[in-house]
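The following note sets out points on the sheets, the helix packing and the pocket of the model under review. It is offered for use alongside the coordinates.

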Amino acid sequence: VPRMRERPIADLIDGLKQLGADVSCVEETGCPPVTINAKGLEGGKASISGKMSSQFLSSLLMASPTATGDVTISIKDELISAPYVSLTIGLMKKFGVNVQIEGDMDGQPSFHIPASESYQSPKSILVEGDASSASYFIAGAAITGGTVTVRGCGSESVQGDVAFADVMEQMGAKVTWSPESITVTRDPNVQLKGVDVDCGKIPDAAMTLAVAALFA
C-alpha cells in the first residue's frame with residue numbers, strides 16, 4: 001500500500017477528467033488513493049502525455065467504447081512503448097472495436113473511437129502467453145543449438161516482443177512460425193553473429209538479447 005501511494009497517475013486522472021469522468025486524487029500528490037463518483041464517460045477530446053507510461057493511454061482506449069459520445073485521444077509530446085499500445089488496440093479489435101489511428105505511432109499519434117463502436121464477445125479467444133518471458137527460451141535454443149517450441153504466442157500474436165525471434169533469426173537461428181507457437185533451433189555448425197538492432201519496439205526483450213550477444 002505505501003508504494004502504491006507513490007505511483008504517479010496524474011496523467012491518467014487528467015485524461016479521464018477531459019472525457020467527463022468525476023475523478024480526483026484524495027491527496028494533492030497525483031498518486032493514489034483516488035475518489036471516483038461513477039457516472040460513466042461522456043466522451044469528447046483528451047490530450048495526454050505519452051512520456052510517463054503507455055499504460056495510461058491503454059486504459060483510456062479500453063474505456064472509450066463505453067462512452068456515450070465519440071472519443072478522440074491525442075498524444076501531446078511523444079509516445080513511449082508504442083508496441084504495447086498496438087497490443088491493446090489489436091486485442092480491442094478481437095472484441096469488435098476498431099480504433100482509428102492518425103499520425104505516426106512513434107511520434108504524436110491520435111486515436112478516434114466513434115460512439116457506435118461497442119464491445120462484442122468473440123465467443124472464444126486465446127489468452128496468450130507472455131512473449132517477453134518466452135524470449136528466454138527462444139534465446140536458449142539459439143545459444144545452445146537445441147530446439148525449443150514456445151506455445152501461446154506465434155505469428156498471430158498481438159505482442160510486439162514476438163519480434164525477438166526475428167532477431168535470433170538474423171543472428172543465425174532457424175525460426176519456424178505457426179499461429180500460436182514459435183519454434184527456434186540452430187545448426188551447431190552455424191555460429192551466432194552479431195547484429196545491430198533497435199530494441200525500441202522490443203524493450204522487455206533487450207536484456208535477453210544482451211545475453212545472447214555474448215555468444216555471438
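1. In this predicted model, strands β7 and β9 are paired over five bridges, and the sense of the pairing is antiparallel. Within this pairing, Val148 has Val184 in β9 as its bridge partner.

2. β9 also pairs with β8. These two strands, of which β9 covers residues 181-185, are again antiparallel and are held in register by five bridges. Two of the facing positions can be named: Thr176 lies opposite Thr183 in β9, and Ser178 lies opposite Ser181 in β9. The connection from β8 to β9 is a hairpin of two residues.

3. Taken together, these pairings give an open sheet of three strands in the order β7-β9-β8, with antiparallel pairing. The edge strands are β7 (147-151) and β8 (174-178), each of which pairs on one side only. From one strand to the next, the twist averages 15°. Helix α4 packs on this sheet and touches β7 and β9. The direction of α4 makes about 165° with that of β7.

4. Helix α4 has a helical neighbour as well. Two packed helices are described by the angle between their axes and the distance between the axes. For α4 (residues 131-144) and α5 (residues 164-171), the axes come within 10 Å and cross at roughly 10°. Angles under 35 degrees count as roughly parallel, and α4 and α5 are therefore roughly parallel to each other.

5. Which residues make the contact between α4 and α5? On the α4 side they are Ser135, Ile138, Ala139 and Ala142, and these meet Phe164, Ala165 and Met168 in α5. Sorted by class, this contact comprises six nonpolar residues and one polar residue, with no charged residues.

6. A further open sheet is formed by four strands in the order β3-β4-β6-β5, and its pairing is mixed. β3 (44-48) and β5 (100-102) stand at the edges with a single partner strand each, so one side of each has no neighbour in the sheet. The average twist from one strand to the next is 15°.

7. At one edge of this sheet, β5 is joined to β6 (residues 110-113) by three bridges, and the two strands run antiparallel. Gln100 stands opposite His112 in β6. Helix α2 (residues 54-63) packs on the sheet, where its contacts are with β3, β4 (71-75) and β6. The direction of α2 makes about 170° with that of β4.

8. The remaining point concerns empty space. Rolling a probe the size of a water molecule over the atoms shows where such space is left. The largest pocket has a volume of about 170 Å³. Its lining consists of 13 residues, and those nearest its centre are Leu16, Ala21, Val23, Ile36 and Leu41. The elements that give two or more residues to this lining are α1 (10-18), β1 (22-25) and β2 (34-37).

9. What classes of residue make up the lining of the largest pocket? Nine of the lining residues are nonpolar, two are polar and two are charged.

Technical notes. Residues numbered from 1 in each chain as written. Predicted model: local features only at pLDDT ≥ 70, side-chain atom pairs only at ≥ 80, totals over all residues. Heavy atoms only, no water. 1 Å grid on protein atoms, 1.4 Å probe; cavity = no way out; pocket = protein on both sides within 12 Å on 5 of 7 lines; lining within 4 Å. Points joined across faces, edges and corners; volume = space filled by probe spheres on them. Nonpolar A, V, L, I, M, F, W, Y, C, P; charged D, E, K, R; others polar. Axes fitted to C-alpha atoms, helices over the stretch in contact; angles between N-to-C directions. Parallel < 35°, antiparallel > 145°, perpendicular 65-115°, else oblique. Contact = heavy atoms within 4.5 Å. Pairing = 2+ DSSP bridges.
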